[in-house]
Amino acid sequence: MTKYVLPDLDYDYGALEPHISARIMQLHHDKHHRTYVDGANHALESLEEARDGGDFSHIAALEQQLAFNLSGHVLHSLFWRNLTPDGGGEQPTGPLAGAIERDFGSFDRFRKQLTQSAATCMGSGWGALVWDPVGARLLTLQIHDHDSHTAQASIPLMVLDAWEHAYYLQYQNEKARYFEAVWNLWNWKEIAARFEHVHEATWAPEQGRARASQSPGKRPAPHAPTGRA
Ligand code: MN
């Protein structure tokens with residue numbers, strides 16, 4: 001069975017200082033993220049055991065564990081790559097800049113929307129910029145925990161960790177300062193490249209059935225996202 005693996009950081013723990021401290025990065029990556037990787041692998045093993053033993057009595061709990069931990073792994077892997085010590089307050093250029101302008105009105109409005117999405121999350125969660133292949137547009141989503149209040153089919157491009165473990169050691173109760181500081185670290189080149197991989201991906205969930213009814217007996221291939229996430 002393929003296992004999920006904790007990815008290395010592309011930079012040193014202290015490379016994002018003064019905006020995010022080395023101690024936070026070390027704990028966040030080595031302890032918190034690792035817990036999600038281990039949790040996802042454990043859930044998969046337990047599901048395999050359940051199938052082997054023919055005992056599905058714990059399926060609900062196992063699938064909840066899988067969704068939570070795998071989503072935590074995905075979002076943290078993305079978050080580390082979204083950040084860079086060489087970020088520095090500049091704005092994206094190219095197709096991503098155009099799409100932000102089109103879908104949010106301006107970069108400044110997008111920045112306020114994503115920051116507020118993260119900052120107002122009750123409990124633990126994330127603010128996320130996603131590509132919605134159904135509407136072929138950028139959206140922000142306020143993801144609760146790692147896996148609730150998201151939108152099916154959306155592809156995350158840029159995520160902002162709003163869990164207390166992401167800032168509390170350094171910013172304590174002043175979390176607004178953390179949500180501003182992180183704008184000094186965005187790796188716009190990386191985020192723009194992610195966007196360019198997926199921005200032609202569209203998906204009409206209803207389309208397969210509509211086509212099938214027009215030509216009975218010949219089932220069309222499912223219309224799946226073509227972009228690489
Ligand atoms: Mn986190």
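**Exercise 1. Which elements does the protein run through, from the N terminus on?**

Solution. The order reads α-α-α-α-β-β-β-α-α-α-α. Keep in mind as you go that this is a predicted model. Next, the tally: the secondary structure comes to 8 helices and 3 strands. The protein has 229 residues, and 26% of them count as buried. Now look at contacts between residues at least 6 apart in sequence: 66% of these join residues at least 24 apart.

**Exercise 2. Work out how the strands are arranged in the sheet.**

Solution. Start with strand 1 (residues 125-132). Strand 1 runs antiparallel to strand 2 (residues 137-144), and 8 bridges join the two. Strand 1 also pairs with strand 3 (residues 155-161), again in the antiparallel sense, this time over 6 bridges.

Put those pairings together and you get an open sheet of 3 strands in the order 2-1-3. Strand 2 and strand 3 are the edge strands, each pairing on one side only. On average, neighbouring strands of this sheet are turned by 25° against each other, direction ignored.

You can follow this down to single residues. Gly127 has Gln142 as its bridge partner in strand 2, and in strand 3 its bridge partner is Leu160. For Trp126, the bridge partner in strand 3 is Asp161.

Finally, check the turn. Strand 1 and strand 2 make a hairpin with 4 residues between them, and Ala136 in that turn has a positive phi of about 50°.

**Exercise 3. Why is strand 1 said to be largely enclosed by the rest of the structure?**

Solution. Count its buried residues, taking 20 or more other C-beta atoms within 10 Å as the cut-off. In strand 1, 7 of the 8 residues are buried, so the strand is largely enclosed by the rest of the structure.

**Exercise 4. Is Val159 buried or exposed?**

Solution. First, find it: Val159 sits in strand 3. Then count: it has 24 C-beta neighbours inside 10 Å, so it counts as buried. Who does it touch? Leaving out residues up to four places away in sequence, Val159 touches Leu75, Leu78, Phe79, Asn82, Trp126 and Ala128. Leu75, Leu78, Phe79 and Asn82 are among the buried residues of helix 2.

**Exercise 5. Find out which side of helix 4 is buried.**

Solution. Begin with its length. Helix 4 (residues 107-119) has 13 residues, which at 1.5 Å a residue should span 18 Å; the end C-alpha atoms are 18 Å apart, so the two agree.

Now pick out the buried residues: Phe110, Leu114, Ser117 and Ala118. They cover an arc of only 95° around the axis, so they lie on the same side of helix 4. A general rule helps here: an α-helix has 3.6 residues a turn, so residues three or four places apart point the same way.

On the other side of helix 4, Asp108 and Lys112 are exposed. And what do the buried residues of helix 4 pack against? Their partners are helix 3 (94-104), strand 1, strand 2, strand 3 and helix 6 (175-181).

**Exercise 6. Describe how helix 2 meets its surroundings.**

Solution. Helix 2 (residues 59-82) has 24 residues; the expected span is 34 Å and its end C-alpha atoms are 34 Å apart, which agrees. Its buried residues pack against helix 1 (22-53), strand 1, strand 3 and helix 7 (188-198).

Take helix 1 next. The axes of helix 1 and helix 2 come within 8 Å and cross at roughly 145°. The crossing is left-handed. Contact residues include His29, Tyr36 and Leu47 of helix 1, and Leu62, Leu70 and Trp80 of helix 2.

As for helix 7, it lies across strand 1 and strand 3, at about 155° to strand 3.

**Exercise 7. Where does the backbone do something unusual?**

Solution. Recall the general pattern: most residues other than glycine have a negative phi, and most peptide bonds are trans.

- Asp145 is not a glycine, yet it has a positive phi of about 55°. It lies in the loop between strand 2 and strand 3.
- Ala153, also not a glycine, has a positive phi of about 80°. Its place is in the loop between strand 2 and strand 3.
- The peptide bond from Glu17 to Pro18 is cis, with omega near 5°. Pro18 belongs to the segment before helix 1.

Technical notes: Residues numbered from 1 in each chain as written. Predicted model: local features only at pLDDT ≥ 70, side-chain atom pairs only at ≥ 80, totals over all residues. Buried ≥ 20, exposed ≤ 12 C-beta atoms within 10 Å, placed from the backbone. Pairing = 2+ DSSP bridges. Contact = placed C-beta atoms within 7 Å. Expected span 1.5 Å × (residues − 1). Arc of directions from axis to C-beta. Axes fitted to C-alpha atoms, helices over the stretch in contact; angles between N-to-C directions. Left-handed = near helix turned anticlockwise from the far one by under 90°.
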